Amino acid sequence: QGSGLHNGFYSSSCPKAEAVVRSTVESHFNNDSTVAAGLLRLHFHDCFVQGCDGSVLISGSSTERSALPNLGLRGFEVIDDAKAQLESLCPGVVSCADILALAARDAVDLSDGPSWTVPTGRRDGRVSLSSQASNLPSPFESIAAQRQKFAAKGLDDNDLVTLVGAHTIGQTDCLFFQYRLYNFTVTGSADPTISQSFLAQLQALCPRNGDGSKRVALDIDSQTKFDVSFFKNVQDGKGVLESDQRLWGDAATRSVVEKYAGNIRGLLGLRFDYEFRKAMIKMSSIEAKTGSDGEIRKICSKIN
Ligand code: HEM
Ligand SMILES: [Ca+2]
Ligand SMILES: [Ca+2]
């Protein structure tokens, strides 16, 4: 990989590491399948700030976790649970950053998505600052801004669209898209890129002046299944976040959406699965700390 990570890093130091993460994710998933989306997003938010080093897991005031874009993150308890088991099995060996990368993979697999081998050997970072959360893309930003934030991490347009395909699972608060429904244009009407039938549906889910914290599926048709439905919805003007719908408005990102949402029956799911695996391995290798860099945390929410 050129990142210093390699497959099966724990095969002799803690042979059960990957199995323990898997069974932990599975037991939480069986209790609440929406935790899969939480874990996948948690890994993304980790990798975009200080690399995939568990910095997002550190709790406390002025840490990344306390920054605005991270307030809705969930799934921390799954990581803590796996870490506690691994500390009793192989103390001081398995990093929180690796646990998170493995858990994200398992979460996608359990949601009927693809699976892949996660290169491991990440070390945990010692820095976590809320101010650095500005690296994260915002749903209100232009495609140009998103492209630039992904490019800064070595990810191109194909990676960007493929990875945003993670929105095939999970939910958002009304407050992240409510403005599109009532007050988008200077004349005070809705975002014209929303399909008419979908607009009525979203307005019913998020009434004007309603509860901004109400949760709505990002992929209206299949919020727990990892499939290409999200891309079909973007193509049909049924993207929930403005940033998702904008993928259709830019020629380069549109062609990637079309690649997944088009009409070549059967092959589409395979193509998305294949590209998602590749893009995830790329994302989960961002600025990885290896060797004697960083540390192996004892508790994932605390620097040693
Ligand atoms: C342009 C890039 C992106 C933007 C602007 C964006 C924005 C958002 C927003 C605003 C939410 C809703 C959060 C909430 O209400 O709590 C969300 C949810 C989510 N995002 Fe993204 N995202 C982006 C890329 C990604 C990527 C690359 C991944 C993973 C590979 C990802 C995975 C998720 C998942 C799984 C959820 C659902 C979380 C849950 O149900 O708790 N997103 N995203
Ligand atoms: Ca990080
Ligand atoms: Ca879906």
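# Exercises on a predicted protein model

Apart from its neighbours within four places in sequence, asparagine 304 is in contact with Glu295, Arg297 and Lys298, where two residues are in contact if their C-beta atoms, placed from the backbone, lie within 7 Å. The structure is a predicted model, in which local features need pLDDT of at least 70, side-chain atom pairs count only at pLDDT 80 or more, and totals for chains, interfaces and linings use all residues. Residues are numbered from 1 along each chain as its sequence is written, while chains are lettered from A and ligands numbered from 1 in the order in which they are written.

## Exercise 1: asparagine 304

Find where asparagine 304 lies, and decide whether asparagine 304 is buried or exposed.

Solution. Begin with the place along the chain: asparagine 304 lies in the segment after α12 (267-283), where helices (H or I, at least four residues) and strands (E, at least two) are DSSP runs, numbered from the N terminus. Next, recall the cut-offs: a residue is buried if 20 or more other C-beta atoms, placed from the backbone, lie within 10 Å of its own, exposed if 12 or fewer, and partly exposed in between. Asparagine 304 has 10 other C-beta atoms within 10 Å, and therefore counts as exposed. Finally, look across to alanine 97, which is 207 residues apart from asparagine 304 along the chain, with 14 Å between the two C-alpha atoms.

## Exercise 2: the sides of helix α3

Describe the span of helix α3, and work out how its buried residues are arranged around the axis.

Solution. Helix α3 runs over residues 76-89, which makes 14 residues, and the distance from its first C-alpha to its last is 20 Å, close to the 20 Å expected at 1.5 Å a residue; the expected span is 1.5 Å times one less than the number of residues. The buried residues of α3 are Val78, Ile79, Ala82, Lys83 and Leu86. These residues lie on the same side of α3, because they cover an arc of only 125° around the axis, the arc being that of the directions from the helix axis to the C-beta atoms. An α-helix has 3.6 residues a turn, so residues three or four places apart point the same way. The buried residues of α3 pack against α1 (17-31), α2 (35-47) and α4, whereas Glu77 and Ser88, on the other side of α3, are exposed.

## Exercise 3: two domains and a ligand

Determine where ligand 1 lies with respect to the two domains, and describe the residues around ligand 1.

Solution. The protein is divided into domain 1 (17-137) and domain 2 (143-280), with bounds that come from an automatic or database domain assignment. The C-alpha centres of the two domains lie 23 Å apart, and 16 residues of domain 1 are in contact with 16 residues of domain 2. On the side of domain 1 that touches domain 2, the largest share, 4 residues, comes from α2.

Turning to the ligand, 23 residues surround ligand 1, and the closest are Ala37, Gly72, Ala166, Gly170 and Thr172; a residue is near a molecule or strand if its C-beta atom, placed from the backbone, lies within 6 Å of it. Both domain 1 and domain 2 give residues to this shell, so ligand 1 lies between them. At least two residues of the shell come from each of α2, α6 (157-164) and β1 (171-173), and α2 supplies the largest share, 5 residues. By type, the shell divides into 11 nonpolar, 9 polar and 3 charged residues, where Ala, Val, Leu, Ile, Met, Phe, Trp, Tyr, Cys and Pro count as nonpolar, Asp, Glu, Lys and Arg as charged, and the others, Gly among them, as polar.

## Exercise 4: positive phi values

Compare serine 62 with aspartate 112 by phi, by place and by exposure.

Solution. Most residues other than glycine have a negative phi, and most peptide bonds are trans. Serine 62 has a phi near 65°, a positive value in a residue other than glycine, and aspartate 112 has a phi near 70°, which is also positive. Serine 62 is found in the loop between α2 and α3, while aspartate 112 is found in the loop between α4 and α5. Serine 62, with 11 other C-beta atoms within 10 Å, is exposed, whereas aspartate 112, with 14 other C-beta atoms within 10 Å, is partly exposed.
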